[in-house]
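Hi,

Here is the two-chain model I said I would pass on. Have a look at it first, and then my notes below should be easy to follow.

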Amino acid sequence: MVDLQDAANLAVVVGLVVAVIFNFIQYFYGPWAKRREERRQIFANIRTEINSAKVSAKNSRMSAYQGRLETWKKDGHRLPRRIQRDIAPFAELSEGYWPAYLLASKLVELAIYKSVAARTDVAPVLPRATSGGEVHWVVDVDGNKHSKNNIEDSLITVLTEPLLRGDHVRWSWLKYHQ
Amino acid sequence: MLEDIEGKLLFEGELVERPRQIKAAIRDYRFPRLERLEP
């Protein structure tokens, strides 16, 4: 009876030792180690992309490239959930910049078209004049004649950035750039 | 005319301001869990 009890205890101890050795090997050399190394690499890449996105966001030029988290899109699901919760809103912001920028710049263009149209007697949005096509002319304050499309294009080129940045644009500033 | 343009953009305010807000949010974003993992 005692021998059986000893044998059972010994079996438990041996089992525990084997389990510890197995886990040790798994942790340092087995698939767990491989997964840990992969995660470390993914994490490092995402850190680099986050830093790059933050540097891009410091650029005051609105049309400047805004870095995105490509590694996050591809491999983010392999990181621990608590880390994912930290990064996900940031990745969403980075992804959302370009669609928001494109929409906002279209609105600026449209506002410029409509404002130019309100100051002249031609239709609000005209098809671009092609070679041989009809050209609408406007005269500026100095008496110089310009094609209306050129005026619109110039205003869009000059005004889009400051308007998107939220600057208050002034004629003196505009004349300087023109 | 600039006032016209700015007036029209004020009307579209939120959409025109959105990229600016996103840039600011990216700049100011904090990663509490990641920062704890930093050496």
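A word on burial before anything else: I call a residue buried if 20 or more other C-beta atoms lie within 10 Å of its own. By that cut-off, 18% of the 178 residues of chain A count as buried. For chain B, buried residues make up 18% of its 39 residues.

Keep in mind that this is a predicted model. Chain A has a mean pLDDT of 80, with 76% of its residues at 70 or more. Within chain A, helix α3 (residues 70–75) has the highest confidence, at 91, while helix α6 (residues 171–177) has the lowest, at a mean of 54. Where pLDDT is low, the predicted coordinates should not be read in detail.

Now the layout. Chain A contains six helices and two strands, and from the N terminus on its elements go α-α-α-α-β-β-α-α. Chain B has three helices and zero strands, so to speak an α-α-α run from the N terminus. Looking at contacts in chain A between residues at least 6 apart in sequence, 47% join residues at least 24 apart.

Two helices caught my eye. In chain A, α2 has 28 residues and reaches 41 Å from its first C-alpha to its last, close to the 40 Å expected at 1.5 Å a residue. Its buried residues are I46(A), E49(A), I50(A), A53(A) and A57(A). An α-helix has 3.6 residues a turn, so residues three or four places apart point the same way.

In chain B, the 16 residues of α2(B) should span 22 Å at 1.5 Å a residue, and that agrees with the 22 Å between its end C-alpha atoms. There is nevertheless a kink of about 35° in α2(B), centred on P19(B). P19(B) is also one of the buried residues of this helix, together with V16(B), I22(B), K23(B) and I26(B).

On to the core. The largest nonpolar core holds 29 residues, and those touching the most other members are L69(A), A104(A), V108(A), I112(A), L159(A) and L164(A). Two or more residues come from each of α2 (31–58), α4 (81–119) and α5 (148–165) of chain A, and also from α2 (13–28) of chain B. The largest share, 13 residues, belongs to α4(A).

I112(A) is a good place to zoom in. Setting aside neighbours within four places in sequence, I112(A) is in contact with E152(A), L155(A), I156(A) and L159(A), and with I5(B) from the other chain.

What does each chain put into the contact between them? Chain A gives 32 residues and chain B gives 23 residues. On the chain A side, α2, α4 and α5 each supply at least two residues. Again α4(A) has the largest share, here 20 residues. By class, that side of chain A has 21 nonpolar, four polar and seven charged residues.

One charged residue to check is D86(A), which is found in helix α4 of chain A. Is D86(A) buried or exposed? D86(A) has 20 other C-beta atoms within 10 Å, so it is buried. Neighbours within four places in sequence aside, its contacts are F31(B), P32(B), R33(B) and L34(B).

Let me know what you make of it.

Best wishes

Methods: Residues are numbered from 1 along each chain as its sequence is written. Chains are lettered from A and ligands numbered from 1 in the order in which they are written. This is a predicted model: local features need pLDDT of at least 70, side-chain atom pairs count only at pLDDT 80 or more; totals for chains, interfaces and linings use all residues. A nonpolar core is a set of buried Ala, Val, Leu, Ile, Met, Phe, Trp, Tyr and Cys residues joined through C-beta atoms within 7 Å. A residue is buried if 20 or more other C-beta atoms lie within 10 Å of its own, exposed if 12 or fewer, and partly exposed in between; C-beta atoms are placed from the backbone. Helices (H or I, at least four residues) and strands (E, at least two) are DSSP runs, numbered from the N terminus. Two residues are in contact if their C-beta atoms, placed from the backbone, lie within 7 Å. Ala, Val, Leu, Ile, Met, Phe, Trp, Tyr, Cys and Pro count as nonpolar, Asp, Glu, Lys and Arg as charged, and the others, Gly among them, as polar. The expected span of a helix is 1.5 Å times one less than its number of residues. pLDDT is the predictor's confidence in each residue, from 0 to 100. The bend at a residue is the angle between axes fitted to the seven residues ending there and the seven starting there.
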